[in-house]
Amino acid sequence: MRVPLLDLTEQNRLLRPEIEAALGRVLDTNAFILGGEVKALEDELAAYCGTKYAIGCASGSDALLLALMALDVKAGDEVITTPYSFFATVSAITRLGATPVFVDIDPLTYNLDVSQIESKITERTKAIQPVHLYGQCADMAELRKVVAKHGIPLVEDAAQAIGAEENGVRAGAMSEIGCFSFYPSKNLGGMGDGGFMTTDDDELAERLFALRVHGSKERYYHKWVGLNSRLDGFQGAVLRVKLPYLDSWSNKRKANADRYRELFTDAGLTEQVGLPYERENVRHIYNQFVVRVPGKRDELRAFLTEVGIGTDIYYPVSLHLQECFEYVGYKEGDLPESEKASRETLALPIYPELRPEQLEYVVDTIARFYEQTS
Ligand SMILES: *Cc1c(COP(=O)(O)O)cnc(C)c1O
């Protein structure tokens, strides 16, 4: 049996007639960049996230960059964030000449340890950028209490968390600006690159709509210097087909996660395989199902690869130790929980179309690994 980490074949097969019709609509109107499909998608996304605005752009990475640009983050400013995330979380900060200030993660959730934030706030702190890693919101209720005292805006990196909730509020609706990605492996994936931002603030929305088209509100008149970062008409059309299915897909991921929990518990493996921790009062959308494997992560991964089970490591190098960020001045040992996570985490297949016997095979194989190595 083969169990890939992610397989979109079945989803594509089921949606193919709808997708082809949607692509045909774009071909008929020649609206290849932004246009009617993207506008309609933006309205649907704003309704989905519970925000006043949703603004499409070319990628999740650009969404983060545009968000920080809209907040006027620039050289000399500091942005507090997590070292345990995808690269773009931090490159958005450094590309603007600002300095990332890292706060270590909570070892249970892998998200920012909010209790460590206040001591890192200085008069140069321009924004705080939590990441909702793997599809579970960072502790936004606590974080909002911290920033309320200081008046610092929050930017959510919600690239992995569309539809995730804390106390019934959706990701993207808990901060000044939420940033999302349509990278094909996300819960709502396009057929290429894409992303969007959410906000409730009229002025920030005005900036974001302009910044994605070179900072112009009226063509050829530039109020700001922006980017070329627009969502394609084809992506808009495909994503509009997929959005109505998103909740059923995320619910299936959650059901798979629950099944993993049951199977790992029944197999007596919860010591060896640290299961994801779900906070109370949240909706976790399980973009990834990440377990913690102290000591034997790489050995287990090789064993699984050998028998056709796909895995990945999110992320093997904590961002403060990336070569390109050496100049920021962090060194090994500065953020111990993040560094430990980078040695211990392993993502297992969790996608919605996974069959029950595939999931059981993953757990059986891991059980076999521990029988052989213990
Ligand atoms: C995917 C992802 C991004 C970047 O999104 P792209 O669309 O690939 O540019 C940013 N942050 C996190 C946490 C992500 O998972």
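Helices (H or I, at least four residues) and strands (E, at least two) are DSSP runs, numbered from the N terminus. This is a predicted model, where local features need pLDDT of at least 70, side-chain atom pairs count only at pLDDT 80 or more, and totals for chains, interfaces and linings use all residues. Residues are numbered from 1 along each chain as its sequence is written, and side-chain values use heavy atoms, with hydrogens and water left out.

**Exercise 1. Place serine 318 in the loop between helix 9 and helix 10, and decide whether serine 318 is buried or exposed.**

Step 1. Find the loop between helix 9 and helix 10; serine 318 is there.

Step 2. Recall the classes: buried means under 20% relative accessible area, exposed over 50%, and partly exposed in between (1.4 Å probe, protein chains only).

Step 3. Serine 318 has 1% relative accessibility, so serine 318 counts as buried.

Step 4. List its contacts (heavy atoms within 4.5 Å). Leaving out residues up to four places away in sequence, serine 318 touches Pro83, Ser338, Glu339 and Ser342.

Step 5. Look for a polar contact, a pair of N or O atoms within 3.5 Å; within protein, one must be able to donate a hydrogen and the other to accept it, and residues adjacent in sequence count only if both atoms are side-chain atoms. The side chains of serine 318 and histidine 320 make one at 2.8 Å.

**Exercise 2. Find the cis peptide bond and place tyrosine 315.**

Step 1. The bond joins tyrosine 314 and tyrosine 315. Its omega is about 15 degrees.

Step 2. Tyrosine 315 sits in the loop between helix 9 (297-306) and helix 10 (336-344).

**Exercise 3. Describe aspartate 72 and tyrosine 220 by phi, place and accessibility.**

Step 1. Aspartate 72 is not a glycine, yet its phi is positive, about 65 degrees. Tyrosine 220 is not a glycine either, and its phi is about 75 degrees.

Step 2. Aspartate 72 lies in the loop between helix 3 (60-70) and strand 2 (78-81). Tyrosine 220 lies in the loop between strand 10 (216-218) and strand 11 (221-222).

Step 3. Aspartate 72 has a relative accessible area of 40%, so aspartate 72 is partly exposed. Tyrosine 220 reaches 64%, so tyrosine 220 is exposed.

**Exercise 4. Which residues come nearest to the ligand, and how much of the ligand does the protein bury?**

Step 1. A residue is near a molecule or strand if one of its heavy atoms lies within 4 Å of it. Of the 15 residues around the ligand, Gly60, Ser61, Gln160, Ser181 and Lys186 come nearest.

Step 2. Check ligand oxygen atoms. One is 2.8 Å from a polar backbone atom of glycine 60. A polar side-chain atom of glutamine 160 is 2.8 Å from an oxygen atom of the ligand.

Step 3. Check ligand nitrogen. A polar side-chain atom of aspartate 157 lies 2.8 Å from a nitrogen atom of the ligand.

Step 4. Taken alone, the ligand exposes 380 Å², and the protein buries 94% of that. Accessible areas come from the Shrake-Rupley method with a 1.4 Å probe; for residues, only the protein chains shown count as cover.

**Exercise 5. Study phenylalanine 87: where is it, and what does it touch?**

Step 1. Phenylalanine 87 is in the loop between strand 2 and helix 4 (88-95).

Step 2. Its relative accessibility is 35%, so phenylalanine 87 counts as partly exposed.

Step 3. Not counting residues up to four places away in sequence, phenylalanine 87 touches Leu319, Cys324 and Phe325.
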